[in-house]
Amino acid sequence: SARGGDEPLRSRFAGDVAWDRGGSALRGLEIAALGGTATLDIDIPSGERPVHLAGSLRGVDSEGLVSWVLSMGQPGVGAAATGEVDLTWPRRHPRMISGRIGVDLAPLSDGRAPLSGRFDWTAQVGDQRIALADLRTESSHVRLQGRVAADDKVDVNVSAESQSLEETDRL
């Protein structure tokens, strides 16, 4: 069990752990959490060297993951994320993240609005680029592409279509 956001994250995990004065390394870490699984390699070096996390996600509840990691609310969409992550960030400065995330989103029928699509994101020392966020519900379609700078300036193109403003307002 781990904590993030307001709720504990319940999970099962197994993998190889090594540590010495140089830091810790987790290899082939198999995690079952948030309705899916992940296989990760994680390096947590001692000192000021950056943390590195890389691996694959399979069927992970994307809303639960984003809410847990970013400590934010949940918009009420159900999507299972499957794809790859490769992230590096300086210790004590996670906002200066570098790496990539590429996931396909499959709709979940669990009472939330089913969401499907694709999310491709990259970052270089906190300068984030949404290469593509192509997101669909039953009555809405949103495409995002653009940049979120390390100083939080945003330049994102948004294209949206909706057949139900009521549903769009709920999201």
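Two strands are treated as paired if DSSP finds at least two bridges between them. In the predicted model described here, strand β6 is joined to strand β7, residues 77-89, by nine bridges, and the two strands run antiparallel. One point of this pairing is given by Ser56, whose bridge partner in β7 is Glu84. Strand β6 is also joined to strand β5, residues 36-45, through seven bridges, again in an antiparallel arrangement, and here Asp43 stands opposite His52 of β6. The hairpin formed by β5 and β6 has five residues between its strands, and within this hairpin Gly47 takes a positive phi near 75 degrees. Strand β6 spans residues 51-61, and because eight of its 11 residues are buried, this strand is largely enclosed by the rest of the structure.

These pairings belong to a protein chain that contains two helices and 13 strands. Of the 171 residues in the chain, 32% are buried. The protein chain exposes about 10400 Å², of which carbon and sulfur atoms supply 55%. Among the contacts in the chain with a separation of 6 or more, 34% are accounted for by residues 24 or more positions apart.

The nonpolar interior may be considered next. In soluble globular proteins, nonpolar side chains tend to be buried together. The largest nonpolar core of the model has 16 residues, and those with the most contacts inside it are Leu40, Ile42, Leu57 and Leu105. Strands β4 (residues 23-33), β5, β6, β7 and β8 each supply at least two residues of this core, and the largest share, four residues, comes from β7. The surroundings of Leu57 illustrate the packing: when residues up to four places away in sequence are not counted, Leu57 touches Thr37, Ala38, Leu65, Ala81, Thr82, Gly83, Val85 and Val103. Apart from the largest core lies another, of six residues, among them Leu87, Trp121, Ala123 and Ala133.

Two of the residues in this second core, Leu87 and Trp121, are also in contact with Arg100, whose other contacts, leaving aside neighbours within four places in sequence, are Glu84, Val85, Asp86 and Thr122. Arg100 lies in strand β8, residues 98-107, and counts as partly exposed because its relative accessibility is 41%. Although Arg100 and Trp121 are 21 residues apart along the chain, their C-alpha atoms are separated by 5.6 Å.

A further polar site is found at Asp134, which lies in strand β11, residues 127-136. Asp134 has a relative accessible area of 17% and is therefore buried. The side chain of Asp134 is joined to that of His141 by a polar contact of 2.5 Å. Not counting residues up to four places away in sequence, Asp134 touches Ser116, Gly117, Arg118, His141, Val142 and Arg143.

Charged side chains are paired elsewhere in the model, and the structure holds 13 salt bridges. In one of these, Asp152 is bridged to Arg95, with the closest N and O atoms 2.7 Å apart. This pair links distant parts of the chain, since Asp152 occupies the loop between β12 (140-148) and β13 (154-162), whereas Arg95 occupies the loop between β7 and β8, 57 residues apart. Arg95 is partly exposed, with a relative accessible area of 29%.

Another salt bridge is formed by Arg147 and Asp127, whose closest N and O atoms are 2.5 Å apart. Because Arg147 lies in strand β12 and Asp127 in strand β11, this pair ties together parts that are 20 residues apart in sequence. The two partners fall into separate accessibility classes: Arg147, at 33% relative accessibility, counts as partly exposed, whereas Asp127, at 17%, counts as buried. Lys153 and Asp151 likewise meet in a salt bridge, with an N to O distance of 3.8 Å. In this case Lys153, at 59% relative accessibility, counts as exposed, while Asp151, with a relative accessible area of 48%, is partly exposed. Finally, salt bridges link Asp61, Glu63, Asp110 and Arg112 in a network.

Note on methods. Residues are numbered from 1 along each chain as its sequence is written. This is a predicted model: local features need pLDDT of at least 70, side-chain atom pairs count only at pLDDT 80 or more; totals for chains, interfaces and linings use all residues. Side-chain values use heavy atoms; hydrogens and water are left out. Buried means under 20% relative accessible area, exposed over 50%, partly exposed in between (1.4 Å probe, protein chains only). Contact means heavy atoms within 4.5 Å. Accessible areas come from the Shrake-Rupley method with a 1.4 Å probe; for residues, only the protein chains shown count as cover. A polar contact is a pair of N or O atoms within 3.5 Å; within protein, one must be able to donate a hydrogen and the other to accept it, and residues adjacent in sequence count only if both atoms are side-chain atoms. A nonpolar core is a set of buried Ala, Val, Leu, Ile, Met, Phe, Trp, Tyr and Cys residues joined through side-chain atoms within 4.5 Å. A salt bridge is a side-chain nitrogen of Lys or Arg within 4 Å of a carboxyl oxygen of Asp or Glu.
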